[in-house]
Structures are given as structure tokens and as C-alpha cells.
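Dear colleague,

Please find the structure below, handed over for your records. My account of what was found in it follows directly after.

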Amino acid sequence: MAKRAITYLLSGLVGLAIGGVSAMAMAGLLPTDRRTGGDIELNGWFGDFTMGSADADAYFRARIARHGLLALANTETVYFTRSTDDAGKPLQEDCTYRISGGTLPARWWSVTLYNDENFLPDNTGQALSFDATRAGEGEWSAIIAKSKPEDGSNWISSKAAGDFDLTLRLYVPDDGVLTDPEGMIDAPSIEYLSCWEDKA
């Protein structure tokens with residue numbers, strides 16, 4: 001009898017542990033899991049079109065609440081997040097990257113940098129995002145770095161960001177984006193250029 005009770009107790013504890021860890025992982029509460037999540041993956045950018053809708057499950061809503069995003073309906077905005085460069089390495093303040101892309105299928109779009117606490121970094125660069133207004137028509141690029149490029153390139157400031165991530169927002173997406181994102185969106189690439197330790 002005692003052996004059976006101990007077995008039940010241990011089984012219950014294991015079940016609680018598994019349930020607790022899985023719930024934390026789904027809600028983005030594990031220290032190493034910073035991306036917003038989503039079942040759509042485009043060139044390293046992750047999105048979920050249930051964001052901002054009644055279709056989002058409780059775990060996803062918790063993840064969005066934790067990341068501080070105020071999600072609009074997917075007919076107004078679709079979101080993608082990315083926390084790694086094209087080689088799959090985490091984006092870091094001490095490194096310099098080039099983000100580049102082309103025309104995106106939306107009325108307007110932006111890329112915004114968030115720090116390791118999922119907020120805008122506290123810096124005075126006034127360059128925490130890049131958008132369609134600055135990109136113009138066709139191919140575009142911007143440098144992501146702690147300091148402004150001396151050559152006058154477009155710039156996204158990563159100063160005081162620590163390990164950061166980027167959010168790509170497509171405002172009023174074109175017809176077809178919601179049903180065929182892989183076919184409609186040519187997601188920007190993020191090329192690693194250098195790190196401060198490389199320059200030392």
C-alpha cells in the first residue's frame with residue numbers, strides 16, 4: 001500500500017514538473033527563449049497570424065503579454081520576430097550587422113529593435129527602427145550597430161540593447177499574405193559583419 005502511494009506521489013510530482021516546464025516554455029518564460037514564437041518561419045523570422053485574434057490560445061496570449069506587444073488584428077498588421085543572424089547566431093549589441101531586403105507586400109512596414117528585456121533600448125541614437133518611408137522603392141539596407149555609420153548608411157541603433165531581437169511589422173498586408181506568406185513575403189536577411197572583439 002505504501003509503495004503504491006509513493007508511486008502515485010512521484011508520478012504526480014513528475015507530471016507537475018513536466019506541465020510546469022512546458023507551460024513556461026509555451027509562454028516564453030524560459031530565460032533562453034526570447035522570440036515571440038509562431039508557426040510561420042520565413043528566412044529566420046517567426047510569425048503567428050493568430051496574434052491579435054480570438055484564435056490565439058492561452059499560451060500564445062501569455063507569450064505576447066510577456067513580450068509587451070499590443071497586437072492588432074492580422075488584417076491590419078502581421079508581425080514577425082527574429083533574434084539570430086543569417087548564420088543562426090544570437091543578435092548582440094557588440095556586433096555589427098547589415099539588414100537588407102526588397103519591396104514588402106504591405107501598405108507600410110517597419111523593423112524595430114528591442115533589447116534583452118523586450119523593450120526599446122535606452123539610448124539617444126533616435127534610430128531604433130527602420131521603415132518603408134526611409135527605404136524607398138526596391139532594394140534597401142541598413143546597418144545595425146552601437147554607433148552611427150560614418151559613411152551615412154541607414155542605421156538602426158543597438159546601443160544598450162544587450163542581446164536583442166527585431167520585430168518586422170507589415171501594416172495592412174497585401175491580399176494573399178495571410179494565405180500564402182511563404183510565397184508573398186521575401187523576408188529581410190541579416191548579415192553578420194563584425195564584432196568589437198574582432199576589432200581589438
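Is leucine 9 buried or exposed? Leucine 9 is exposed, because its relative accessible area is 54%, where exposed means over 50%, buried under 20% and partly exposed in between (1.4 Å probe, protein chains only).

Please note that this is a predicted model, in which local features need pLDDT of at least 70 and side-chain atom pairs count only at pLDDT 80 or more, while totals for chains, interfaces and linings use all residues. Residues are numbered from 1 along each chain as its sequence is written, and side-chain values use heavy atoms, with hydrogens and water left out.

**Surface patch**

Leucine 9 belongs to helix α1, residues 2-26; helices (H or I, at least four residues) and strands (E, at least two) are DSSP runs numbered from the N terminus. Together with Ile6, Leu10, Leu13 and Leu16, Leu9 forms a nonpolar surface patch of about 530 Å² accessible area. Such patches are made of residues with over 30% relative accessible area and no salt bridge, with nonpolar side chains (Val, Leu, Ile, Met, Phe, Trp, Tyr) joined within 5 Å and like charges within 9 Å. The areas come from the Shrake-Rupley method with a 1.4 Å probe, and for residues only the protein chains shown count as cover.

**Strands β4 and β10**

The structure holds one disulfide, a term used for a pair of cysteine sulfur atoms within 2.5 Å. The disulfide is formed by cysteine 95 and cysteine 195, with 1.8 Å between their sulfur atoms. The link of cysteine 95 and cysteine 195 is right-handed, with 75° about the S-S bond. This pair links distant parts of the chain, since cysteine 95 is in strand β4 and cysteine 195 in strand β10, 100 residues apart. Cysteine 95 is buried at a relative accessible area of 3%, and cysteine 195 is buried at 5%.

A salt bridge also connects these two strands: the side chains of arginine 98 and glutamate 191 meet at 3.0 Å, N to O. Arginine 98 lies in β4 and glutamate 191 in β10, so the pair ties together parts that are 93 residues apart in sequence. Arginine 98 is partly exposed at 31% relative accessibility, and glutamate 191 is partly exposed at 35%.

**Aromatic pairs**

The count comes to seven aromatic pairs. Rings of Phe, Tyr and Trp (its six-membered ring) pair if their centres lie within 6.5 Å, and planes under 30 degrees apart count as stacked, over 60 as edge-to-face and the rest as tilted. One of the seven pairs is that of tyrosine 97 and tyrosine 192, which is edge-to-face at 6.2 Å centre to centre and 70° between the planes. Tyrosine 97 lies in strand β4 (residues 95-101) and tyrosine 192 in strand β10 (residues 189-195), so this pair joins parts that are 95 residues apart in sequence. Tyrosine 97 is buried at 1% relative accessibility, whereas tyrosine 192 is partly exposed at 35%.

The ring centres of phenylalanine 130 and tryptophan 140 are 5.4 Å apart and their planes are at 35°, so this pair is tilted. Phenylalanine 130 is in strand β6 (residues 129-131) and tryptophan 140 in strand β7 (residues 140-145), ten residues apart. Phenylalanine 130 and tryptophan 140 are both buried. In addition, Tyr97, Phe164 and Tyr192 form one aromatic cluster.

**Further salt bridges**

There are three salt bridges in the count, each defined as a side-chain nitrogen of Lys or Arg within 4 Å of a carboxyl oxygen of Asp or Glu. Among them is the pair of aspartate 94 and lysine 146, with the closest N and O atoms 3.0 Å apart. Aspartate 94 is in the loop between β3 (77-82) and β4, and lysine 146 is in the loop between β7 and β8 (155-157), 52 residues apart. Aspartate 86 forms a salt bridge with arginine 82, at 2.7 Å between the closest N and O atoms. Aspartate 86 is partly exposed at 41%, whereas arginine 82 is buried at 3%.

**Strand β3**

Six of the six residues of β3 are buried. Thr77, Tyr79 and Thr81 on one side and Val78, Phe80 and Arg82 on the other are all buried, and both faces of the strand are thus covered. Strand β2 (residues 45-47) runs antiparallel to β3 and is joined to it by two bridges; strands pair if DSSP finds at least two bridges between them. β3 also pairs with strand β9 (residues 165-173) in the antiparallel sense over six bridges. Phenylalanine 80 stands opposite glycine 47 and opposite leucine 168 in β9.

With kind regards
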